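These are my notebook entries from a first look through the structure. I wrote down what I looked up, one topic at a time.

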Amino acid sequence: MLEIKNLHATVDGKKILNGIDLTIKAGEVHAIMGPNGSGKSTLSYVLAGREGYEVTEGDILFKGRSLLGLEPEERAREGIFLAFQYPVEIPGVANATFLRSAVNAVRKHRGLADMDAMTFLKTAKAKMKELQMDEKFLQRAVNQGFSGGEKKRNEVFQMAMLEPVMAILDETDSGLDIDALRIVAEGVNALRSPERSALVITHYQRLLEYIVPDFVHVLAGGRIVKSGGKDLAHELEAKGYADIVADAA
Amino acid sequence: MSIATPLIDSVTASYQAVADSLPGGRQVEVTSRRQMALDAFRRHGLPDHRIESWKFTSLTGLEKQSWGIPANEGGIDAALLQAVSLGIETYRLVFVNGRLDPAVSKLAGLPDGVVIEALSQSQDVADALGDVVEARDTVLGSLNAALASDGLVLRIADGVVLDRPVEIVAFGAPGLVNLRHALHLGHGAEAVLVESYRDGGFAESGWNNIFAGIRLRVGARLTHLRIQDENAKSFHAALGRVSVGEGARYQHVSLQTGGAVARHELHVEFAGSRAEVDLRGLVLARGTAHIDHTLRLHHAQPHCNSNQLFKHVVDDRGHAVFQGGIRVAPHAQKTDAQQLSRTLLLADRAQIDTKPELEILADDVKCSHGASIGDLDSQQLFYMRARGLGQDEARRLLLSGFAYEIVEALPEGALRDFADAFVEDRLKGDAA
């Protein structure tokens, strides 16, 4: 599904990623953990194709094809979804308008007909119910005036509507209380299937109680310094990053 | 003493040629006012950059041609009218070449206590012309009084809530058109007015010189949508004077999209306390359009609230001007006056002049102003693209969102939908 090979990247000329190798197969959920400043968010932006995040060495293959020449929207249409750590507010644009445009852009790319307004509304309302989101969020401007938790829930809602094959969750747990965390995790788990993969970026082990990963990687200094199974997350929680990073060095 | 320029001469000659046929042309009271107004214009000529409020907007383009008053030819293509009409039941006056087109106007079924008529049919022309106020900066209002060929006369008696919006659709001509509107809402009266200026499908340049006088008595409420949407060669200069009585509410939404020069100048005065005024405007300037909003809001009474929100989308070599004047009189305590001008410059040669002018003479007031100028937000663009939207579509949605804050001041329903559809349609070309 996703193959990251010796990935080096800079932001504003500053080296942030220093040779990441990571292979995620279809159906797998990988977690990336690491201290602040280790490059977790940079990795997510590089995967999504954000301007200003420059790949200086290495490659990213998605379904066997390099992503590097693709615009953010092309990556999204191919099935990559980034749930933002800080979802962006867009005043004046209704959530429903935005999301329906996105759904139809993705459908068009897949050779499917536009989803009409009625079907969209029906589907959206059903997904919102699962995420225990009030339907009124459809008519509100994208993320505007949403609480931290509401924004994160909205990310997972968008993900549920867009049905990506590769979901990247960038600290989706931050700012969530335990109930919201459980609901959001259920939303993510509902998408798990043998065809879909996920990369869960988190600072804490807590989220991984709910979204149980197949593999856990520790990122430090822009490289993966340790990989293991889900138990690695517990080990991190018990020992802290400092020891693990020091052990790996 | 008057100045002699080809423009003044041609305008004077035009007046003399049609004076008898103008509304009230046989009433001495009317003709003497018209003559006085014309004399005022002849003394001052067109306002220019030496006048503070005309610093950023030049009318010299008008000097390049001689201006005649178009013949009363009436008649407008039904499909064109349909395309720009509100699409719900309204009381409608359609002006073509500055004259009422009765065939497509609709005034049947007016409730008791309401007068809606064309100036050309009114007995109160002198009243609509008002007293001649001679001032250099607003001399175009005098020119309008001299040449006014038609317009809306609206009077609503105390306590009457008008059941349908009043709609004015004006199709300009390649000539000088002077429409003059006079509105009077009695105590507690309520109405919705939609004023719409279109070019009638002409590609040649025309000059619309419009005046609107609006008086809201105690507790009256008026929602006023104004659309100016004319071809790239046209000139449009409008002057509005609004008096807002005690406890009254005036909601104004101005949508301007173009012309060689389009200026909407609005003077609003609080004539009573505890009144409320909300002025919003959206400018979509592309090509070489020059679009100006000049506001003068006079807090002459205490305990009044006002809000000004003007947004500009400027592309190509377009030029937008916003002059937001607020004066708070010494005794106008507890005034709350807010002003915000926001601009998106989408091209290197796009321009905005945005200028707050606050004169605050009372000490217990809340006044604020702000201005922002920038391009579309790159974070917002990335967020949308990361969801699969193409760059163009993301830009278009962001522009819609930017514009919507103006449109949403209108009451939900047909009026807001109409304004929204108009804006969406005009934004299509700007996203690319």
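**Entry 1, the contact between the chains.** Before counting anything I fixed the term: two residues are in contact if their C-beta atoms, placed from the backbone, lie within 7 Å. I also noted that I am working with a predicted model. With that settled, I found that the contact takes 22 residues from chain A and 19 residues from chain B. On the side of chain B that touches chain A, helix H6 (378–385) and H7 each supply at least two residues, and the largest share, eight residues, comes from H7(B). I then sorted the residues of this side of chain B by character and obtained eight nonpolar, seven polar and four charged.

**Entry 2, helix H3 of chain A.** I next checked the length of helix H3 (residues 95–109) of chain A: at 1.5 Å a residue its 15 residues should span 21 Å, and its end C-alpha atoms are 21 Å apart, so the two agree. Looking for its buried positions, I listed Asn95(A), Phe98(A), Leu99(A), Arg100(A), Ser101(A), Ala102(A), Val103(A), Ala105(A) and Val106(A). What covers these buried residues of H3(A)? From chain A the cover includes helix H2 (72–78), strand S7 (90–94), helix H4 (117–130), strand S8 (141–142) and helix H5 (148–162), and from chain B it includes helix H7 (391–407). Just after H3(A), I noted that Gly111(A) takes a positive phi of about 75°.

**Entry 3, the sheet of six strands.** In chain A I traced an open sheet of six strands in the order S6-S9-S10-S3-S11-S12, with mixed pairing. Its edge strands, each pairing on one side only, are strand S6 (80–83) and strand S12 (223–228) of chain A. Averaged over the sheet and with direction ignored, neighbouring strands are turned by 20° against each other. Helix H1 (residues 40–48) of chain A packs on this sheet, where it touches strand S3 (29–33), S6, strand S9 (166–170), strand S10 (197–202) and S11 of chain A. The direction of H1 makes about 145° with that of S6(A).

**Entry 4, the hairpin in that sheet.** I followed strand S11 (residues 215–220) of chain A into S12(A) and found that they pair in the antiparallel sense over five bridges. Which residue of S12(A) is the bridge partner of Val218(A)? I found Lys226(A) there, while Leu219(A) has Ile224(A) as its bridge partner in S12(A). S11(A) and S12(A) form a hairpin with two residues between them, and in the turn Gly221(A) has a positive phi of about 60°.

**Entry 5, the sheet of four strands.** Chain A also has an open sheet of four strands, in the order S2-S1-S4-S5, with antiparallel pairing. Here the edges are strand S2 (14–24) and strand S5 (65–66) of chain A, each of which pairs on one side only. Strand S1 (residues 2–11) of chain A pairs with S2(A) in the antiparallel sense over eight bridges, and Glu3(A) has Thr23(A) as its bridge partner in S2(A).

**Entry 6, chain B as a whole.** For chain B I recorded eight helices and 19 strands. I compared its radius of gyration, 21 Å, with the value near 22 Å for a compact globule of 432 residues, and the two agree. The C-alpha trace of chain B spans about 70 × 50 × 50 Å along its principal axes. Of its 432 residues, 55% count as buried. Among contacts in chain B with a separation of 6 or more, 84% come from residues 24 or more positions apart.

Definitions and conventions: Residues numbered from 1 in each chain as written. Chains lettered and ligands numbered in written order. Predicted model: local features only at pLDDT ≥ 70, side-chain atom pairs only at ≥ 80, totals over all residues. Pairing = 2+ DSSP bridges. Axes fitted to C-alpha atoms, helices over the stretch in contact; angles between N-to-C directions. Rg over C-alpha atoms; globule rule 2.2 N^0.38 Å. Buried ≥ 20, exposed ≤ 12 C-beta atoms within 10 Å, placed from the backbone. Expected span 1.5 Å × (residues − 1). Nonpolar A, V, L, I, M, F, W, Y, C, P; charged D, E, K, R; others polar.
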